[in-house]
Structures are given as structure tokens and as C-alpha cells.
Amino acid sequence: MNDVALAKSLSSKVLQPRSSGRAKTLTTLNEHVVEVISDSGEGAQRCGQSLGAIAAKMGNGVWTVEIIPAEIRPPARSVAGASGNCIRLGAGRVTNGGNETDLVIAFNEQVLLGRVRSGELKPDCIILLESMWRENSDPRIVGSYVATHDELVSAGYRVLEIPMEHECRKLVPDARRGKNMFALGVLCSIYSLDLQLAREQIALTFGKKAASVITSNVRLLEAGHEWAEANLDFKFRIPATPATEPQIVINGNTALALGILASGMEVCAMYPITPATSASHYLSDVFEKVGGVVHQAEDEIGACAFAIGASYAGKCTVTITSGPGYSLKQEAIGLAVMGEIPLVVVNVQRGGPSTGQPTKAEQGDLLSAMFGSHGDAPKVVIAPSTIEDCFYSMITARKIAETFNMVVVVLSDANLATSQQPFPRPRFSESWLAPPFDQSELPAGLKPYQWDQTTGLARRFVPGQPRGMHTLTGLAHDQLSHVAYDPEINHEGIRARSLKLAALQKTLKTPPVFGDDSGDLLVIGWGSTRGAIEEAVESVRAEGHKVSSLHFTIIQPLPAGIKEILQRFTRVMTIEGNWSDDPQDEIIDETNRRYSALAMLLRARYLVDVDCWSEVKGQQIRPNMVRRVLLEKLRQH
Amino acid sequence: MTIAATECLLRMYDERYGLEDYQGGVPRWCTGCGDNAILAAVQRLCRDENLRPEKMVFVSGIGCSSRFPHYMKSYGFHGIHGRALPIAEGIKMVRPDLHVFVNTGDGDCCSIGAAHWIHAIRYNMNMTVMLHDNQIYGLTKMQASPTSPKGLKSNTTPRGAYLDGLQPLTVTLGVQNVSFVAQAVDWIPELLYDILSAAFHHKGFSFVRILQRCPEWLPNLFDPWMKDPQRLLLLHGEGGLRISPALSKAYQNQQQHDPSDLNRARELASVIDPIPVGILYRNTDVPCYEDLRRTGQPRSHDFIKAGLEAEFDKFTVWPQESGSRTTAA
Ligand SMILES: Cc1ncc(C[n+]2csc(CCOP(=O)(O)OP(=O)(O)O)c2C)c(N)n1
Ligand code: SF4
Ligand SMILES: [Mg+2]
């Protein structure tokens, strides 16, 4: 469905003067992107999350994206201060945040302005705007409100002013606390959502608070609903397909944390950093209940070293971080590679370099994940592509780490970290868990690095095991773990550590092609962009274009069979959230153009001309952006 | 079956280890290097405590002194520069059954690893930490270290070190949760042994600063103290060291010190000359981080499964909920 056309067809129906008293129009939609924004602290996030949860319960496809200001408490009514949630509701399964917003409910005009300026709203987006500012005692505020309102109207937006403050004051003395539930009621009315489910959601959200809090919030919800029923002349319905099996609704960081729990890992060592922290927050709350420990170390180096110590002592351990912390861990990661200590390192990528954009998503760390740490330090790199993947990737990572005695880097990003999506409730399997570590006596004569000549694998020794005494070292060492600078021995060790990647690669399946097996254009992605890419591919395929896509979740090592796939397409390109030079730039040509990370890797490995398109604006890559890129690429000759 | 097992147990407890059972690789330190004396004292301690070699882990960073684990016959972890302590913490957290020792140099501990050092004191995990303080970077060939005395000429301070040396003992004693601090010198083996033994027996983070000679780069650094026994101040008494009559004869500058007296310990620690030797501080009441953090929960599969399912429940949307309702539309 073409969203723009759809929204246009709707808008002609909805934009009747609301006092006309005419019956409401009810429009059935395939999907809608709705957002709730306020100053931070006014509860727009809670409103948005609740809306997502209610729609998910009804069986709608849902993807929620957090709108987070960069500062903890930006000044009130500031353009950069929007805090809230963007929720994509769909009739079917929703795999990404979708395109620009179709309907927004804003608590003041300034936060709204920020969203408009960064191009987050569709050209004819419906705007529900808190009207209280019109009567403000400060003439500057009134002026700014009126000016913004008029500007938005003349820009073609459908602006509806709603007296949230006024209505809420009838029920509560401080409307700042509670307006969000009024807004939820308005949205429940607009999207024809079950009010009873909304009441239950409120009870769940405020479950730990006094009953009076729940009652008061339910009253605000109902008031919002009533107001919208009486005053708005439109309603939408997005048909739901009720799920047949239980679904869980969580964000990517919660999924990572649950995956850690499920993998049987016992220790997570970390140092707080955005956007990885929320995973550790949640884990800190639940891990101890199953005998686990979250250790907040003095810094990321300490966290990584702590994790390495715990892994060395017999338990595979995880350390979680984001960009800057990942850079700090690099030396220790090299030690784990050298010592062949199983270790899982999660990097929830954010914008870089340096402190970069802490709350924004980027896919800028692929190369440092693969090649980081000095010298030849082969490690496994996996990148979950959905929220569900975030959960299972931790189980896979732990298994690979312990089977191959390797470092496994898991690359998530800020987009997955804070987005929510329902997926089938995982069914527990014993095989997820780490086996108890071996403490038995080692066979006489077995060496601590008795590398298999074909696979590079050696049995892991754990302190406490009789006959296994040796000193693990980050220095070049022989099979006995003796420090050795002999050129042959150094070669032997590096070879063995490298072969393990090849051995793992032999066990991997070629990823399936999305679409036909051959055609005019193959688009390749990795990590969180999967939903947007596949949606775009589907839409251009529906128009008859021979486009397919391929998505990598294991990037190092790449499975066999990729080159054959690339060769079946006339053109190949990657879509990535990292930097690549624009060939249109004046001084850029083929001799100096920097390609996106994956494109560069694929070019080098397969000697295939892989083009790329990338963006590092810190915004999620949207299906319609990808669509535009694909159509453009198809036009080129 | 039962008999065999008992026999096996008996044999296990009967087993006595000799010094040779703790000898790993042949030490490659320079002749006269104080690290040799520390190794000898540690091996004696292991023998006297009859420690099972597979139950010990020696963790180190990088430096001459950090070669220590290679020369022990036990498990060892020769890590990266400055990070011995967090590695040792990770080990101790999951394996309280292992004896964890740390060997670290003055650069390793007090410079690149300083943040870890401060926090390790505060965590107070049960391990024995030996600071091999030769007041110089040995392995990298004679650069000033944070503990180098002011005026010391080195390759990076050819006209003499600019700053006063950092005092590891005062730093350690200034950190919350400090539980054991002692000072030894490598050239009095008897005291070195006694101090390491006390450190080993203390449950908590036992920090022993050992003044260690580096004849290669600073052959005369400790001469004034070695030549004049009066310039050492031996701390002894109830709860501290017992000094043998023979030693008392040679080192007559002695002082009674109660290791539970933190203020006095801090005063003593700030004395550079004479060098205080002995146990400055001991507090057996400070909890160990690993004990605080270990929940004692069994890690059975059923238990983990139950925990996981309880979490899933919190986030689950059950199909019947949506099926049983009609929309408000
Ligand atoms: C990250 C890093 N920086 C620098 C070095 C080089 N380096 C190795 S040992 C050392 C200092 C050793 O001095 P100390 O810790 O006092 O040990 P000693 O050799 O004196 O026993 C340095 C700077 C290194 N190995 N790693
Ligand atoms: S250089 Fe100094 S510290 Fe290093 S081994 Fe030689 S004497 Fe010992
Ligand atoms: Mg030194």
C-alpha cells in the first residue's frame, strides 16, 4: 500500500470542521505511524508504550521507536527536547519503524517543531496539538504558539487543537501528571482500540502504585476517549489478526538480557554507557534471581578483564557496552583471542566516532568488531537483525564462544535497543544452557594448546583440573603455553587461531535470498536494517522489478555460497547505516571513494563490484528511503 | 566403591608437596633481582600450606615481575599491562575454591592499572596481592615509575624525576574497605615469608608492597637501607609479626604496632625513612565482594527455566486475550 496516497485519501475525509455534528468517518487502514511527544517528564513515552502494548494485545503488528532527547532534562518547550514514542501499527506483522509519521499528538508546539524540522512527519500528517498555550500569560509563548500553528497549517498539515490541559484539570489538580493518559484515551478512540484493554494496561503499568493512582489514570483515559468520541469526526480501524500463539513484547536490550539469562551465562561485567545500559539495568534486576551476577566495574577495561577472568575460570561470560566502551575493550579482547578464552562481547552501536551521538543508531563498528585489537585477532561477529534475534543471538554467541574458545562480538544498535516488537514467546530448551564446566583430571600428556591441525581447536583447560597446570599468556606461545618467540611457533599459533574461523564457517548455512534467486539487483544488509530493506524490496518487486535482498546475521565468518548468489545478479549493493563517500561529491572518484563497511568487505572477498548506499543521520533507515535508493539504482546503467 | 573413594580421599589429604612441586619454568630474571627472593618465599609458603598446585592461580600483568606465574607450577594467567587485578577478580567471583595470587609491578599496579587497584581495594575480594615495587620500569628498560623517588635519573627523566614518588601504602590505606596492608623488603627472606603468610591467611584483599631490588637498572637504590639496619622499622606485636631473636639482634629498630589501628597505620605508611616493615593494617570484618554478590542460588536447569519463564510471563501477550474481546469500534 502506498502510504502517501493512502494518507491523502484519508485526509480529505477527516478534515471536516469538527463542530459540524456530522457522523464520524471510519476508515480502515492497513497501517499507520503514530507518535506521542512531550517535554521529557510529561509521560509521552509511557503513553506510546501503552498504546503499542494495547494494539499488540489486540493482535496488531506493532513496532515502537523511542524518541529520546539527547539531554536528560532539556529545558521545557525546546525544539530539541522531544521525548516520546513513535508507534507503527499494522494489520499484519510489522518488521520495522516504517516511514514518516501519519498522526502525532504533541504536548507543545516546540517539540513538534523539532520533529517537523528533522523531517519526521509525512507532508499531510494529522497533528493533534495541545491548545493551552494559546491562553498562556506569557505573550511570547502565545506568539510562538500561534506562529507555529499557523505555519504548520499553511504548510499543509492538518492541525487539530485539543484542550488536553483544560479537560484534565476537570479531573486532577496537576494536569502535567496525567495528560499522557488522556492522550492515550484520545488515541484509543481514534484507532478504535479496546478501552478495557487500556484500563488493564494502566493497572499493569501502575501496578506497584496505590490503587487511587490507577483509578485516577483510568478516569483520565476515559475522559480522553469520551472527548475524542464527541469532538473528532474521524476514526481509524486497523484490522487485527489475533496471534495464535503467545507473543512477548520487549525491546532489543531486554531481549539481549533475557538471552543472557537463557544462555546459561552467569556473569555479566559492564560499565554504564548509552545505549547499552538499559540491558544491564534489566539484567541487574533479574539475573540474581537465577544465581547470576551483574558486575559494574570501574571502567570498560576492568569490565572486560573481569569477564575474561570469569570465563577463564570456567564460566563463559558476557560484557556489554557501546562504541567508546568497545574501543576501550580492544586490548583485552585481543588477550581473550590469544589465550583462546570464550567471551561474549555485546556492542550496542551508537553514532561515532568519539562520544558521537550517544542515543542515535549507527552501524559504524563493523570493521572494528572484525579487525579491532592489534595484530591478527580473529573473532566471530554476529549481528541480530530483529528484536527476536537479539534474544537468540546471545544463546548462539555463548555456544560458539565455548565450542571454539573464541571471542564472539554481538553487534546490536540503538535502533534495536529501544524498539519494541512482539514475537513468539520462546519455548525453553535445555540445549540453550551452558553445560557445567569440566573439572575432571586431564589426560596425561595433553597440552593446553594441543591445536588440531585441521580445525585449530584445542581442548579448553580450566583451573582446578589436575594435570592441567600451565600459565596462560598473551605472549606468543607454543602448545605448552610456554612463551616462545620462535618464528615457526608464532606462525603455528596464529594459524590455529585463524583456522577456527574456517572450522566454524564449515558449519554455517548460506542465508536465504529474499525474493528470486537471480535478477537485476541484489541488496545486501546486516543488523537492524533488515525489516526496512525487505519491506522496500517487497514493494518494488510488487511493481515488477527484479530485486532481491540478502541479510547477514553472521558476518565473520561469512558462510559459503555467497559469491554464487552475488554472481546471479546484474548489480549488487549494500544498504548500511555507516559512512560511505557519495560518488557525486566533487573530489570523490573511484580511486578515493570510501565504501561502506560491508560493501568494502564483499568487494575484497568476492571480487564483485558491490556498490553501496548509506546514511549516518542517526535516524532509522526507512523503507521508503530504501525504496528510493533501489529505484534510483535500477535507473542507472 | 565406598572404600575406594575413602581411600582416594585419604590419599588426597595425605599427599605432601615439596618445594619442587611448585617449581615451574626456570626464572629468567637477572641475577640478584629481588623477584627471585619473592618467588622463593612464595614457593615455601605453598609447601608449608600444602596447597594443591591445580587449586592455585597466579595472575599478573606485564613487566619483569609479571613473569612470576611462569615460574610457578600451578595455574597462571599472565595477562596484559595493568589489568591483573580485574582478571583476578573475575576468577575469584566464579571460583571461590581457588587460591588467587596477584603479582604486579609498580608501573603495572600504580600507573596503568591504578584505577583497578583503587577499586580492587574497595571490592576486598579474597586474594593475596604482591606489589613488586622496584621503583622503576624494569622490562621496558629503565623509565621512571610513579613510585620512583624525586630526582631519580632514568631514560625518561635524564635530569632526575620531577615529582615526589607516589606512596602505595598511604594510597591503599586511604581507600574505603581496605582490609590488609603490609610492607616487606626482598632482602630479609624471613620477614618476607612471615608477611606473605599473614597475607595469605587473611580473608580479603591482602596487599603486600615489597621493596624489590632491580640490580640491572638501579643497583644502589636500596643500599642506604641495606647497609644500615637502623633505617628499617620493624613492626611487631599482638596481631602482627613475631620477630625471631636472631632477627631482633640485627634489626633493633622495632616498634609495637596494633594492626587494627588504622590511624596509626596511616602515620606509619607515610614514613619513608626509616622504612616500616611488617603488618600495618588488618581488619577481618570487612565483607568480601564475592560473598556479598554470591546469592548461593543453585544453578540447576529447572531453576533457570523457572526464572526465565517468570520473566517471559511479564511480557507475554496471550492469544486468548485478543480473541475473546470485541473492539470498541
Ligand atoms: C598497554 C601497554 N603499554 C605499555 C606496555 C609496555 N610495558 C611493558 S611492562 C611496562 C612497565 C613495567 O614496569 P613495572 O610494572 O614496574 O614492572 P617491572 O618490569 O618493573 O617488574 C611497560 C610500560 C605494555 N606492555 N602494554
Ligand atoms: S631488569 Fe630489574 S626487575 Fe627486571 S629482571 Fe632484571 S633486575 Fe629484575
Ligand atoms: Mg617496576
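## Close-up views

**View 1. Packing partners of helix 10 of chain B.** The buried residues of helix 10 of chain B pack against helix 6 (168–173), strand 9 (232–236), strand 10 (254–256) and strand 11 (275–282) of chain B. Packing is by contact (heavy atoms within 4.5 Å). This is a predicted model: local features need pLDDT of at least 70, side-chain atom pairs count only at pLDDT 80 or more, and totals for chains, interfaces and linings use all residues. Residues are numbered from 1 along each chain as its sequence is written, chains are lettered from A and ligands numbered from 1 in the order in which they are written, and side-chain values use heavy atoms, without hydrogens and water.

**View 2. The buried face and the start of helix 10 of chain B.** Within this helix (residues 262–269), A265(B), L268(B) and A269(B) are the buried residues. They line one face of the helix, because down its axis they fall within an arc of 100 degrees. The arc is taken from the directions from helix axis to C-beta atoms. Buried means under 20% relative accessible area, exposed over 50%, partly exposed in between (1.4 Å probe, protein chains only). Helices (H or I, at least four residues) and strands (E, at least two) are DSSP runs, numbered from the N terminus. At the helix start, a side-chain oxygen of D261(B) comes within 3.3 Å of the backbone nitrogen of N263(B).

**View 3. Ligand 1 lies between chains A and B.** It is surrounded by 17 residues (a heavy atom within 4 Å). The closest are C64(B), S65(B), D106(B), D108(B) and G138(B). Oxygen atoms of the ligand make polar contacts (N or O pairs within 3.5 Å). One such pair, at 3.0 Å, involves a polar backbone atom of G107(B). A backbone N or O atom of I136(B) is also 3.0 Å from a ligand oxygen. N134(B) uses a side-chain N or O atom instead, again at 3.0 Å.

**View 4. Aromatic pairs around Y392(A).** Over all chains, the structure holds 19 aromatic pairs. F391(A) and Y392(A) have ring centres 4.8 Å apart and planes at 90 degrees, so this pair is edge-to-face. Y392(A) and W432(A) are also edge-to-face, because their centres are 6.1 Å apart and their planes at 75 degrees. Y392(A) sits in helix 14 (residues 387–404) of chain A, and W432(A) in the loop between strand 16 (420–424) and strand 17 (471–473), so the pair ties together parts 40 residues apart in sequence. F391(A) is buried at 0% relative accessible area. W432(A) is buried at 8%. Y392(A) is partly exposed at 28%. Rings of Phe, Tyr and Trp (its six-membered ring) pair with centres within 6.5 Å; planes under 30 degrees apart are stacked, over 60 edge-to-face, the rest tilted.

**View 5. A ring cluster and two charges over rings.** Ring pairs join W29(B), F58(B), F68(B), Y71(B), F101(B) and F200(B) into a cluster. The charged end of R44(B) sits over the ring of Y193(B), 3.9 Å from its centre. In chain A, R77(A) lies over the face of W133(A), 4.5 Å from the ring centre. The criterion is NZ of Lys or CZ of Arg within 6 Å of the ring centre and within 35 degrees of the ring normal.

**View 6. Chain B as a whole.** Chain B has 13 helices and twelve strands. Its C-alpha trace spans about 95 × 65 × 40 Å along the principal axes. Of its 329 residues, 53% count as buried.

How values were computed: Polar contact = N/O pair within 3.5 Å; in protein donor to acceptor, adjacent residues only side chain to side chain.
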